[in-house]
Every structure is written in structure tokens, then in C-alpha cells.
Amino acid sequence: MMSDKVIDIPATARLRLDGEALVANWRALDDMSGAASTGAAIKANAYGLGAVEVVRRLQSAGCRDFYVANWQEAREIEASVEEGTRISVLNGVRPDDMQYAMGSLAKPVLNSVEQVYRWQETGLPCDLMINSGMNRLGINPADIEQYDWNGLDIDIVMSHLASADEDVPQNADQLNQFDSVLQYVSGKRASLSNSAGIALGQAYHFDCTRPGLSLYGGKQRPELSAAIKQVVFPETQILQVRELQVGDKVGYNAKYTAERDHPIAILAMGYADGYLRGFSNTGLFLRGQTKLPVLGRVSMDLIAIDISGASDLGESDWVTAQYDLPTASRQSGLSQYELITGLGNRYSRYWV
């Protein structure tokens, strides 16, 4: 018979999150932004780290602008923000959002003429997204020139760089397009740069910048490499240790065959946790500085690693995934964005 007492069940995988590194990254990006103020993109639950905790830490460092994707994300952090902090909802405002949005602390980023008409009657503040060539969300320049914007209380006029992580002509093309649009519509502030855009230089900074990935350890350009620190460290427990003999095979479809006798450990983590199959036979785990290679296919809940270099490891010991984002991206073939936002809900999360 089961007891009514609630028994805690410790997680077998967890994310160690470095709060000092997060704040140091924001300060580094703020320094690179020069005279522009620096906000923080915290959409997708702060790229998987936990939006409320990230907001708390970045507010303490001086961040006053936060960018979320939708009104559900805005609602999650509204109770956590201090007076003077601003929240922008990047996906704009649908008809279904209006009732909540009109009473919210957050402001919509208006992305279409339809959204402009929908919002202007409220008299409430908003931001405005310009399509400068990415052709995702945003109002086309031709529509900007034909509209009288005096009826809107616009805080930020913004656009979004499509290829700031590359040295391509599109960056300058978007900058020029955005500059030309600002002749026809103005807000209190203008914004163009994401994390990689900050590294493109002062011409791209305008009044405020909107870093996202680099806050959490992403390095999309060489200029960011020295300044940005790793924030997220996935850790997992060993479920079992096995001894392989020459010729033994490991995992689905036998993608690893032992060429020598050696020990392996089976880890309580897999692609259901966001450690995806791209790490099969390429990923690394660490025990201190010792590298423990992934063997065979990553499966849904389990991973095999070679523990020849740490043969004292046993059941219930913990190891850490090598998850520096640029390095993990090269190992797996996955983008840095996918790697960090895909870390699943089965991890417990703790800040240090």
C-alpha cells in the first residue's frame, strides 16, 4: 500500500547553470554595444535555462529590456520585473491576444499593418518591426512610407539581421534598408543588432541591442570568442558499468564495435533530453579533464561512453557533457541555437 507521504525522486540528469557567467556575458555584450543600451532575448524560456531566474539575475546587473516571443512568455515573467523594466512581445498581437495584452505590462512588437490597425485604438505603447530583407515578420518599407505613424506611441523601431554571423553583403543591405525606413517612421529608440550583430560594429548598434544566444554561451562570430563564457553544463548519472570484449557491439544498429577490451558506462540521458543523435560516436563527456567519448548511437534515454580513462567510475557517479556550444555544434552538426533550446524538461536545473 502506498504512503500518502510525498517522496522526493532525485533526477538522473541535471543542468548546472553558471549565474556569474550569464551576468559576465551580458556585461561583455553591453560593453561591446558602446553607447547603446543592452537588453536580453529570453524567449523559449530563456533559451531553456528558465526565464524567471535569468530575468532576476540580469535585472540585478542592470538590464532593463527583455524580449519574449508571445504573451504566455510575457505573463510568466511579469511578476518578476522591477519598476522601469520593459517587456517586448516579438510575435506581435493577434485578435485572441488583445484582452490580455491591453492589461499587460508588456508591449507588442507590431509586425503587420493589420496589427497596427488593431493596436492603435488602444493608445498604449508598442514597438514596430520592419522587414529589412529577412522576410519573416515585419512591415514592408513600402507600407511604412504610406502610413501616418503619429497615432502610435512607438517605443522601439526595430528590424532583425538574417546573416550577422557571416561576412556577407546582406548585412550592409539590411542596415541601409533600415536606415532609409527611419526617415519615415521614428520611435523613442531604434534597434537592429542581435548577438552577432553587436560584433559587426557601432553602425549596427543604434539605441539598443537585443542579444540572445551569446548571453547563454553562444559564439557566432570570432569577435565573441574571448568574451563569452559557457553557462550551461549538462550532467548525468551512471546507471551501469559494463566490460566490453573485442568484437562486442554497442547500441542500436551496432554503430560501435570494440577493437579492444575496455569498460563502458551507460548514462541516464538521451535524445529525449535534447542530447541528440548527432552526438553518436562524436560527443564527449568529462570527468574533470578526462575525456570520455560517446560510443555508438545516442538513444532516447541512454548513452554509452568509454571510461577507459576513468575506470574507477561506478553506478550513481556523475559525469558532465562537453557542451561548450561552438565545440558541441562541430561535434554534432547541430546549430548552437538547437543545442541550447532543445535541452529537455527531464533535467533538474540548478544555479551556481
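**Figure 1. Ile139 sits in the loop between strand E7 (125-129) and helix H7 (141-145).** This close-up comes from a predicted model. At 1% relative accessibility, Ile139 counts as buried, because the cut-off for buried is under 20%. Its contacts, leaving out residues up to four places away in sequence, include Leu110, Asn111, Ser112, Val113 and Val116. Ile139 also touches Leu128, Met129, Ile130 and Asn131. Ile144 and Trp149 complete the list of contacts. Gln202 is 63 residues away from Ile139 along the chain, and the two C-alpha atoms are separated by 25 Å.

**Figure 2. Seven strands form an open parallel sheet.** The strand order is E3-E4-E5-E6-E7-E8-E9. Strand E3 (40-41) and strand E9 (189-191) are the edge strands, and each of them pairs on one side only. Strands of a sheet pair through backbone hydrogen bonds, either parallel or antiparallel. At the E9 edge, strand E8 (residues 153-158) pairs with E9 in the parallel sense. Three bridges make up this pairing. One point to find in the view is Val157, whose bridge partner in E9 is Ala190.

**Figure 3. Helix H4 (residues 71-78) lies across three strands.** The strands are E4, strand E5 (86-89) and strand E6 (107-110). H4 runs at about 165° to E5.

**Figure 4. Ser104 makes a polar contact with Glu78.** Ser104 lies in the loop between helix H5 (98-102) and E6. Is Ser104 buried or exposed? At 14% relative accessibility, Ser104 counts as buried. The side chains of Ser104 and Glu78 are joined by a polar contact of 3.1 Å. Setting aside neighbours within four places in sequence, Ser104 is in contact with Trp71 and Glu78.

**Figure 5. Arg64 reaches Glu82 through its side chain.** Arg64 is found in the loop between helix H3 (51-61) and strand E4 (65-68). With 28% relative accessibility, Arg64 counts as partly exposed, because that value falls between the 20% and 50% cut-offs. The side chains of Arg64 and Glu82 make a polar contact of 3.3 Å. Beyond neighbours within four places in sequence, Arg64 is in contact with Gln59, Glu82, Gly84, Thr85 and Arg86. Gln120 lies 56 residues from Arg64 along the chain, with 25 Å between the two C-alpha atoms.

**Figure 6. The largest pocket has a volume of about 680 Å³.** Its lining comprises 34 residues. Which residues lie nearest the centre of the largest pocket? They are Lys43, Tyr47, Arg136, His160 and Asn194. Helix H2 (43-47), helix H9 (195-198) and helix H11 (336-341) each supply at least two lining residues. H2 gives the most, with three residues.

**Figure 7. Strand E14 (residues 262-267) is covered on both faces.** Six of its six residues are buried. In a regular strand the side chains alternate between the two faces of the sheet. On one side of E14 are His262, Ile264 and Ile266. On the other are Pro263, Ala265 and Leu267. E14 runs antiparallel to strand E11 (residues 232-244), and six bridges join the two. E14 is also antiparallel to strand E17 (residues 303-306), with four bridges. Leu267 appears in both pairings: Ile238 stands opposite Leu267, and in E17 the bridge partner of Leu267 is Ile303.

**Figure 8. Helix H10 (residues 325-332) is mostly covered.** Six of its eight residues are buried. These are Leu325, Pro326, Ala328, Ser329, Gln331 and Ser332. Strand E15 (284-287) and H11 are among the elements that cover them. Just after H10, Gly333 takes a positive phi of about 80°.

**Figure 9. The protein as a whole has eleven helices and 19 strands.** This view places the close-ups in context. Of the 352 residues, 52% are buried. The C-alpha atoms fill a box of roughly 75 × 55 × 35 Å along the principal axes. Among contacts with a separation of 6 or more, 63% are between residues 24 or more positions apart.

How values were computed:
Residues are numbered from 1 along each chain as its sequence is written. This is a predicted model: local features need pLDDT of at least 70, side-chain atom pairs count only at pLDDT 80 or more; totals for chains, interfaces and linings use all residues. Side-chain values use heavy atoms; hydrogens and water are left out. Buried means under 20% relative accessible area, exposed over 50%, partly exposed in between (1.4 Å probe, protein chains only). Contact means heavy atoms within 4.5 Å. A polar contact is a pair of N or O atoms within 3.5 Å; within protein, one must be able to donate a hydrogen and the other to accept it, and residues adjacent in sequence count only if both atoms are side-chain atoms. Two strands pair if DSSP finds at least two bridges between them. Axes are lines fitted to C-alpha atoms, for helices over the stretch in contact, and angles run from 0 to 180 degrees between N-to-C directions. On a 1 Å grid over the protein atoms alone, a cavity is a set of points where a 1.4 Å probe fits but cannot get out, and a pocket is an open set with protein on both sides within 12 Å along at least five of seven lines; lining residues have an atom within 4 Å of a point. Grid points are joined across faces, edges and corners, and a volume is the space filled by probe spheres set on the points.
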